[in-house]
Amino acid sequence: MASDTSLLSAELNAEMEEALYQEMLLKAKQEIQSRIPNISDSKQIRPQPGFCIKSKTSKNEKIFINVCKSGDIPAPPDVSEKDLVNILESDDPSGYRVPMSIGEPHVEVDNSGSGCTAYDIVVNNTFFDKIKDNELFREFFVTVAMEGLENKYNMDLSREWRMLKNRKFMGSIFEQNIRTKSKPIIQEMDTSASPQLQNKPLISEILSSPAIPEYNIVAEPAEGHPSFLVAEISLPKVSSVKSLVLDLGEDRIVLWGRPDLYHMDIFIPYNIIQEESGAQFNKSSKVLTITMPVQAI
């Protein structure tokens, strides 16, 4: 009898675990959005599109940088072109910093139908006008922005880039959360791309926590149109499934790890069947696995 009771208890625990998984899965996006204002010492901004830059990684993967603007981002000191050159040629170029908010990567499809990754970088409205109209300031900013992306996402970018003439942004522009009271993170910039940018001024990157988790998404089968996608998301700071809030859109994954541990908001290259998707969190490996059947063509 004791053995039967133990087995029944195990079954009840399994059912409770499954109920928690289902509660986590496909929660309304309104709940996620309602949590955003509660992030301490931060605010949500809606960037405005500006211009788009095309480049590639060291692995020859195409990337796009959506340079956006917002009045909520602090402006750097207002200097002339001559002043900028003097600062960069001085013994201490770190005196000139550019506040910017670097958003999360999002998967997009370019004009040729190929997959690519886009990043949104937001600067102050006034500074945006300067880099749009002035080649030196634009070259300086792009170098700084690429260095910021490399540091933030641990990748190598080509210093060959071009600004798209007929497109202000690639894909979509997403809202961002920025710090309002905390100290900025300081990053160094690589200035090897330009003889006028031989020193290394610093930039301040004001994107707030929560952190973006590491993730991997694979298609099954790998060739042709997949039957389903499997996403594995590493969440080493999460101790219980109760702290996770997951929302699956038709082509989007949004995940919050409470309290303010992680935030992930990405697009996926196929439309999925939301009601047939499922998720499980492994307490030992701290990995969330999401299985998503793909809609047929």
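Helices, of at least four residues, and strands, of at least two, are DSSP runs that are numbered from the N terminus. With that in hand, begin with the whole chain of this predicted model, whose secondary structure comes to five helices and 17 strands. Colour the protein by accessibility, and buried residues will make up 44% of its 297 residues. Among the contacts in the protein with a separation of 6 or more, 65% are between residues 24 or more positions apart.

**First stop: salt bridges**

The structure holds six salt bridges, and a good way to begin is to select Glu 175 together with Arg 46, which form one of them with their closest N and O atoms 2.5 Å apart. This pair links distant parts of the chain, for Glu 175 sits in the loop between strand E7 (162-163) and strand E8 (176-179), while Arg 46 sits in the loop between strand E1 (42-45) and strand E2 (48-56), 129 residues apart. Show the surface around the two partners, and you will find Glu 175 partly exposed at a relative accessible area of 32%, whereas Arg 46 is exposed at 59%.

Next, select Asp 110 and Lys 62, a salt bridge in which the closest N and O atoms are 2.0 Å apart. Asp 110 belongs to the loop between strand E5 (106-109) and strand E6 (115-124) and Lys 62 to strand E3 (residues 62-70), so this pair ties together parts of the chain that are 48 residues apart in sequence. Is Asp 110 buried or exposed? Asp 110 has a relative accessible area of 9% and is therefore buried, while Lys 62, at 26% relative accessibility, counts as partly exposed.

Move on to Lys 130 and Asp 78, which form a salt bridge with 2.7 Å between the closest N and O atoms. Here Lys 130 is part of helix H4 (residues 125-133) and Asp 78 is in the loop between E3 and helix H3 (81-89), so the pair ties together parts that lie 52 residues apart in sequence. Lys 130 counts as partly exposed, with 23% relative accessibility, and Asp 78 counts as exposed, with 69%. Before leaving this topic, select Glu 147, Glu 150 and Arg 159 as a group, since salt bridges that share partners join these residues into one network.

**Second stop: cysteines**

How many disulfides does the structure hold? The structure holds zero disulfides, and selecting the cysteines lets you follow this residue by residue. Cys 68 is in no disulfide, and the nearest cysteine sulfur to it, belonging to Cys 52, is 9.1 Å away; Cys 68 is also buried, with a relative accessible area of 0%. Cys 116 is likewise in no disulfide, with the sulfur of Cys 52 again the nearest cysteine sulfur, at 8.7 Å, and Cys 116 counts as buried at 5% relative accessibility.

**Third stop: a pair of helices**

Two packed helices are described by the angle between their axes and the distance between the axes. Select H3 and helix H5 (residues 135-153), whose axes come within 10 Å and cross at roughly 40°. That angle makes H3 oblique to H5, because angles from 35 up to 65 degrees fall outside the roughly parallel and roughly perpendicular ranges. H3 passes H5 in a left-handed crossing. To see the side chains where the helices meet, display Glu 81, Leu 84, Val 85 and Leu 88 in H3, which meet Leu 136, Phe 137 and Phe 140 in H5.

**Last stop: two serines in loops**

Follow the chain out of H5 and select Ser 158, whose place is in the loop between H5 and E7. Ser 158 is buried, with a relative accessible area of 17%, and, leaving aside neighbours within four places in sequence, it is in contact with Ser 55, Lys 56 and Met 146.

Finally, select Ser 227, which is found in the loop between strand E11 (214-220) and strand E12 (228-234). At 44% relative accessibility, Ser 227 counts as partly exposed. Which residues does Ser 227 touch, not counting those up to four places away in sequence? They are Glu 220, Pro 221, Pro 293 and Val 294. As a closing step, draw a distance from the C-alpha of Ser 227 to that of Ile 272, two residues that are 45 apart in sequence and 9.5 Å apart in space.

Definitions and conventions: Residues numbered from 1 in each chain as written. Predicted model: local features only at pLDDT ≥ 70, side-chain atom pairs only at ≥ 80, totals over all residues. Heavy atoms only, no water. Salt bridge = Lys/Arg side-chain N within 4 Å of Asp/Glu carboxyl O. Buried < 20%, exposed > 50% of the residue type's maximum accessible area, 1.4 Å probe, protein only. Disulfide = S-S within 2.5 Å. Axes fitted to C-alpha atoms, helices over the stretch in contact; angles between N-to-C directions. Parallel < 35°, antiparallel > 145°, perpendicular 65-115°, else oblique. Left-handed = near helix turned anticlockwise from the far one by under 90°. Contact = heavy atoms within 4.5 Å.
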